[in-house]
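Welcome, and take a moment to look at the sequence and the 3D view before reading on. The tour below goes step by step, with each place named so that you can find it.

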Amino acid sequence: MLHAASGVEIVTIPCLSDNYAYLVHLPGQDAAILIDAPEAAPVEAVLDERGWSLRLILITHHHNDHVAGVARLRERFGCAVCGPAAEEAKLPPLDQRLSGGDGFGDGAGRIEVIAVPGHTLGHVAYHFPEARAVFTADSLMAGGCGRIFEGTTAQMWDSLSRLAALPPETMVFSGHEYTASNLRFALSLDPQNAALISRDEAVAEARRNGRPTVPASVAEELATNPFLRAGTPALRAAVNLPDAAEADVFGEIRARKDRF
Ligand code: ZN
Ligand code: FE
């Protein structure tokens, strides 16, 4: 998709069985930026077709389905590889070690690193403020969130809250095509939510046509994603926690999703 105001083009690349990699192309450049590398071949195919080179790979977290293609792409393009300092020992060699709060580049290429621990302890998201895009991998996902493998529910709640506070028009590019099953779970808790019902219909239609269901805007996630709606009366009632802290309501929703 092309963000007209910044001239930034983002190409969604299906990889493996349900992963997405993303190429970010800045106006006037012949080399793109890749967010995560589940495998090399589908990324190379898009680069070759567009006539782009690769100058930078940004890694979100250490799981193999996000990094397995890094070595081959680095070898072919000689690109820089950046990723979370906190996961350096589990990542391919890094040219630059990143932490939440770091920022680099300018204009349309401005990139801000947001710490989003929970799924893994060092997970980061990459926010391109000018392009109104954030790459969240397995933290905030379309209609859901990643499983909490390494962190605590409180950490994941804080991480999601940071992403939810981005400008509402920001498009959220997450790491997997899980939306249809995420929305089935969401509807089980929030069946009267009109925005959720219509999103579920649109997602079913997209999948019938083989189209990705990502990205979605922060505003759409706030209206439909049960994990971001932990503080609302509807979700509190659904899990019988009318007076609990939001993080605890979130924890109960996450636990139910794990069993769903
Ligand atoms: Zn993961
Ligand atoms: Fe993943």
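This report walks through the metal sites, the core, one helix residue, the open and enclosed spaces, and a few backbone details.

Please keep in mind that this is a predicted model.

## Two metal ions side by side

Let us begin with the metals. The zinc ion (ligand 1) and the iron ion (ligand 2) lie 3.1 Å apart, and D138 bridges them. The table sets out the protein donors of each ion.

| Metal ion | Protein donors | Distance from the ion |
|---|---|---|
| zinc ion (ligand 1) | H61 (NE2), H63 (ND1), H119 (NE2), D138 (OD) | 2.2 to 2.3 Å |
| iron ion (ligand 2) | D65 (OD), H66 (NE2), D138 (OD), H176 (NE2) | 2.1 to 2.5 Å |

Which spacing do the donors of the zinc ion (ligand 1) follow along the chain? It is H-x1-H-x55-H-x18-D. For the iron ion (ligand 2), the donor spacing reads D-H-x71-D-x37-H.

Both sites are classed as irregular. Around the zinc ion (ligand 1), the 4 donor atoms make angles of 85 to 172°, and the site is irregular. H61 sits in the loop between β5 and α2 (64-67), while D138 sits in the loop between β11 and β12 (140-141), so this pair ties together parts that are 77 residues apart in sequence. Around the iron ion (ligand 2), the angles among the 4 donor atoms run from 83 to 170°, and this site is irregular too.

Are the donors H61, H66 and D138 buried or exposed? H61 has 0% relative accessibility and counts as buried. H66, also at 0%, is buried. D138 is buried as well, with a relative accessible area of 4%.

## The nonpolar core

Next comes the largest nonpolar core, which has 25 residues. Within this core, V24, I33, I35, L58, Y126, F128 and F135 touch the most other members. Several strands give two or more residues to the core: β2 (8-15), β3 (19-25), β4 (31-35), β5 (53-58), β9 (111-115), β10 (124-128) and β11 (133-137). As a general point, nonpolar side chains tend to be buried together in soluble globular proteins.

V24 is a good place to zoom in. Leaving aside residues up to four places away in sequence, V24 touches V8, E9, I10, A32, I33, I35, F128 and F135.

## A buried residue in helix α4

Now look at L163, which belongs to helix α4 (residues 153-164). L163 has a relative accessible area of 1% and is buried. What does L163 touch, not counting residues up to four places away in sequence? Its contacts are I114, V116, A125, V134, T136, S139, L140 and V218. One of these partners, A125, is 38 residues from L163 along the chain, and their C-alpha atoms are separated by 8.7 Å.

## A pocket and a cavity

The largest pocket has a volume of about 230 Å³. It is lined by 15 residues, and those closest to its centre are M141, C145, G146, R147 and Y178. Helices α5 (179-189) and α9 (246-259) each supply at least two residues of the pocket lining.

How many cavities of 30 Å³ or more are there? The count comes to 1. The largest cavity has a volume of about 40 Å³. Its lining is made by Y20, Y22, I35, D36, T60, F135, A137, F173 and G175, with β3 and β11 each supplying at least two of the lining residues.

## Backbone details worth finding

Two residues of the cavity lining, D36 and A137, have a backbone feature to look for. D36 is not a glycine, yet its phi is positive, at about 65°. D36 lies in the loop between β4 and α1 (41-50), and is buried with a relative accessible area of 3%. A137, found in strand β11, also has a positive phi, near 45°, in a residue other than glycine. At 4% relative accessibility, A137 counts as buried.

The last stop is a cis peptide bond, with omega of about 0°, which joins V214 and P215. You will find P215 in the loop between α6 (194-208) and β15 (216-217).

How values were computed
Residues are numbered from 1 along each chain as its sequence is written. Chains are lettered from A and ligands numbered from 1 in the order in which they are written. This is a predicted model: local features need pLDDT of at least 70, side-chain atom pairs count only at pLDDT 80 or more; totals for chains, interfaces and linings use all residues. Side-chain values use heavy atoms; hydrogens and water are left out. A nonpolar core is a set of buried Ala, Val, Leu, Ile, Met, Phe, Trp, Tyr and Cys residues joined through side-chain atoms within 4.5 Å. Buried means under 20% relative accessible area, exposed over 50%, partly exposed in between (1.4 Å probe, protein chains only). Helices (H or I, at least four residues) and strands (E, at least two) are DSSP runs, numbered from the N terminus. Contact means heavy atoms within 4.5 Å. Donors are N, O and S atoms within 2.8 Å of the metal (3.2 Å for Na, K and Ca); water is not among the atoms, so sites may look incomplete. Four donors count as tetrahedral if all angles lie between 85 and 135 degrees; four count as square planar and six as octahedral if opposite donors are over 155 degrees apart and all others between 65 and 115; anything else is irregular. On a 1 Å grid over the protein atoms alone, a cavity is a set of points where a 1.4 Å probe fits but cannot get out, and a pocket is an open set with protein on both sides within 12 Å along at least five of seven lines; lining residues have an atom within 4 Å of a point. Grid points are joined across faces, edges and corners, and a volume is the space filled by probe spheres set on the points.
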